[in-house]
Amino acid sequence: MLVLSSCGKANQGTTTGALSGNAASKVYVAPGQYDEFYAFMSGGFSGQIGVYGLPSGRLLKVIPIFSVDGEKGYGFNEETKPLLNTSHGFIPWDDAHHPALSQTNGETDGRWIFINGNNTPRLARIDLSTFETAEILEIPNSGGNHSSPYLTQNTEYVVAGTRFSVPIPQKDVAISSYAENFKGALSFVKVEPTTGHMNIEFQVLMPGLNFDLASSGKGPSHGWTFFTSYNSEMKNSLLEVNASQNDKDFVAAVNWKKAEEYLKAGKAKDFPANYMHNVYNDETHSATSTAMKSVKVLIPSECPGLVYLLPTPKSPHGVDVDPTGEYIVCSGKLSADITAHSFPKMLKAIEDKAFDGDISGVPIIKFESVLGGTVKEPGLGPLHTEFDGKGNAYTSFFISSEIVKWKVGTWEVIDRQPTYYSIGHLMVPGGNSMKPEGKYVVALNKITKDRYLPTGPELTQSAQLYSIDGDKMELLLDFPTIGEPHYAQGISAEKIKPKSKQFFKLSENKHPYVTPTEKDAKVVREGNNVHVYMTMIRSHFMPDNIEGFKVGDKVYFHVTNLEQDFDVPHGFAVMGATNAELLIMPGQTETLVWEPKKEGVFPLYCTDFCSALHQEMQGYARVSPAGSATALRWWLGDEKPVQ
Ligand code: K7E
Ligand code: CUA
């Protein structure tokens, strides 16, 4: 029996020695020069994406998605709060594993990046012109959105397969009734081609398996999506042992083009479901939440040809379709081999009805009829595979802590390199698309041990960069990452850089509380709510002094950044606010709510060093006791107040 743990060998001498003399020059990006690639790495339990440059490994930005971020006010300002609404209420955190760049004709196009939220099942879309979260969609009938987003070759769909099967619809039942009551939903989320807006088109109601990872077909296999699963034993306790009994589990192959036919033919059932759809609008600079009430569900036993099960050895984890779309590469995490299913053989087996029974009406294809090839004993604990577009595959091995390079079709191992330590996913830029960009493979490691200076019990997470230009992989660089990187995506900088937004046009700002010029600045009381229409520009606020707030008021600072230039955000903070700062981009309006609890005079100031007179960018808010007669008045840089 294999033990799932790191070999964790402390072996620094060897690895330093393994670096060839010119490794440093291969990752050196001279001051003022740009990196060749963007790398987007999931933050795992940080709920974010870290954006790095390759080959330097320099951190460029952290994009907050499922987790609040005080640095940017994300999830604290009124405009972004709705993005984190769910049917369970406001949730300021999630666990994000798999970023997926949008694709056109099987090639990354640099428009959006999607990522899954595991814990409270969600899918997010990030706009790559602003590098900000643009949309979050909750996934109902799901528990642990792990096999997601794994989009199709023209971004027709992003998918969301449930890791934990759950009662559908949710209800109060005995956990021991797992086998009869629990089901696994595979969701297909349609992406509107111009706006990117997501919408759950349909769910496939599967037996109670644990769906783990996914990969959508390409070229000839376009129209299908493949999901690995484990726990074909359908157990609900001690899965470590109980779900490792069967020699083979399954890959579920879903024909989504067929599903579209069934939808058109009215075969889908409307299931009640509660989930939130949250969309950020670049014109109002604000997000809205919509409560959704039902989903369309397809039941495989009523829809022949919709889904098949491919037996796959030893609790498969990763599934990765190669760039030609012919092979479906599966990594049985307890297997010593890598199994590749053949898509053409699968079609033939379906035609010949080469089945080995079924589960809940889903036919099981005979293993021998679908097997395309096996990489024999390449290592221990295979997890994930990426491709380089030259016919080579790179598979990560968690237990033996290495990357193994092998040839698609001949199944021979060509090279192996150790990772430090315990690699999970790996990433080649474009390595999951039809047009991999190659050049590098990045190892995303689970354990760092002795690779960095210690920082108490928690060590940094880490990535390693290898060159794959030659026959042999070459380790070039270690660099720390934010959170726990699971999967990552890489893309040529040229596909994103020219489209990057520099500022928002003030003339297009449709925020309901925009203050377009300093002359429009004002303070308006509506009962206990006080709305401050404030502007900011180097280096002052309008108004900067305000009197007449009272204990018990709810003060809304609606702050508009009037700058119309690149890289001039201003920050806004007020003493005693129980949330975070605002960090406002040029042309944008954001709102901070302040509920003063004490009387006194409290400073407010700009938090982002914006000019030589940044320290002068400040003001005061005077708070009087509840019920006092202090008049509401404010100063627009004059001696005389407005009131
Ligand atoms: Cu293998 Cu969540 Cu993609 Cu991590 S999963 S390793
Ligand atoms: Cu504005 Cu500092």
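This report walks through the cavities, the largest pocket, several strand pairings and one helix of a predicted model.

## Two enclosed cavities

Let's start inside the protein. The count comes to two cavities of 30 Å³ or more. The largest cavity has a volume of about 190 Å³, and 22 residues line it. If you want to find it on screen, head for Tyr150, Leu151, Ser215, Ser216 and Asn432, which are the lining residues closest to its centre. Three strands give two or more residues each to this lining: E6 (100-104), E15 (210-216) and E21 (316-321). As for chemistry, the lining of the largest cavity is made up of ten nonpolar, nine polar and three charged residues.

The second largest cavity comes in at about 50 Å³. Its lining includes Tyr150, Leu213, Ala214, Gly318, Val319 and Asp320. Also in that lining are His384, Thr385, Glu386, His425, Leu426 and Tyr487. Here the strands that supply at least two residues each are E15, E21, E27 (382-387) and E31 (423-427). By type, the lining of the second largest cavity splits into six nonpolar, four polar and two charged residues.

Tyr150 is worth clicking on. This residue is among those closest to the centre of the largest cavity, and Tyr150 also lines the second largest one. Strands E15 and E21 likewise turn up in both places, as contributors to the lining of the largest cavity and to that of the second largest.

## The largest pocket

Now for the open spaces. The largest pocket has a volume of about 1,200 Å³ and a lining of 43 residues. Nearest its centre you'll find Lys61, Thr130, Phe131, Ser500 and Phe566. Strands E1 (37-42), E2, E3 and E9 (132-138) each put at least two residues into the lining. E3 has the largest share, with four residues. Sorted by type, the lining of the largest pocket has 20 nonpolar, eleven polar and twelve charged residues.

## The E2-E3 hairpin

Two of those pocket strands are also partners. E2 (residues 48-54) and E3 (residues 59-64) pair in the antiparallel sense over five bridges. To pick out one of the contacts, look at Gly50, whose bridge partner in E3 is Val62. The two strands form a hairpin with four residues between them. Within the turn, Gly57 has a positive phi of about 75 degrees.

## A four-stranded open sheet

Strand E31, already met at the second largest cavity, also belongs to an open sheet of four strands. The order is E31-E32-E33-E34, with antiparallel pairing. E31 and E34 (474-481) are the edge strands, and each has a single partner, so one side of each is left without a neighbour in the sheet. On average, neighbouring strands in this sheet are turned by 25 degrees against each other, direction ignored.

In the middle of that order, E32 (residues 440-445) and E33 (residues 461-467) run antiparallel and are joined by six bridges. One pair to look for is Tyr440 with its bridge partner Ser467 in E33.

## E44 and its two partners

Further along the chain, E44 (residues 600-605) pairs with E41 (residues 570-574) through two bridges, and the two run antiparallel. Here Val574 has Leu604 in E44 as its bridge partner.

E44 also runs antiparallel to E45 (residues 618-624), this time with six bridges. In that pairing, Gly600 is matched with Val623 of E45.

## Helix H5: which way do the side chains face?

Which residues of H5 are buried? In this helix (residues 256-264), they are Trp256, Ala259, Tyr262 and Leu263. Looking down the axis of H5, the buried residues fall within an arc of 100 degrees, so they line one face of the helix. The face turned away from the buried side carries the exposed residues Glu261 and Lys264.

## A closer look at Thr86

One last residue to visit is Thr86, which lies in strand E4 (residues 85-86). Is Thr86 buried or exposed? Its relative accessibility is 4%, and the cut-off for buried is under 20%, so Thr86 counts as buried. For a sense of distance, take Tyr52, which is 34 residues from Thr86 along the chain. The C-alpha atoms of Thr86 and Tyr52 are separated by 30 Å.

Conventions:
Residues are numbered from 1 along each chain as its sequence is written. Chains are lettered from A and ligands numbered from 1 in the order in which they are written. This is a predicted model: local features need pLDDT of at least 70, side-chain atom pairs count only at pLDDT 80 or more; totals for chains, interfaces and linings use all residues. Side-chain values use heavy atoms; hydrogens and water are left out. On a 1 Å grid over the protein atoms alone, a cavity is a set of points where a 1.4 Å probe fits but cannot get out, and a pocket is an open set with protein on both sides within 12 Å along at least five of seven lines; lining residues have an atom within 4 Å of a point. Grid points are joined across faces, edges and corners, and a volume is the space filled by probe spheres set on the points. Ala, Val, Leu, Ile, Met, Phe, Trp, Tyr, Cys and Pro count as nonpolar, Asp, Glu, Lys and Arg as charged, and the others, Gly among them, as polar. Two strands pair if DSSP finds at least two bridges between them. Axes are lines fitted to C-alpha atoms, for helices over the stretch in contact, and angles run from 0 to 180 degrees between N-to-C directions. Buried means under 20% relative accessible area, exposed over 50%, partly exposed in between (1.4 Å probe, protein chains only). The arc is that of the directions from the helix axis to the C-beta atoms.
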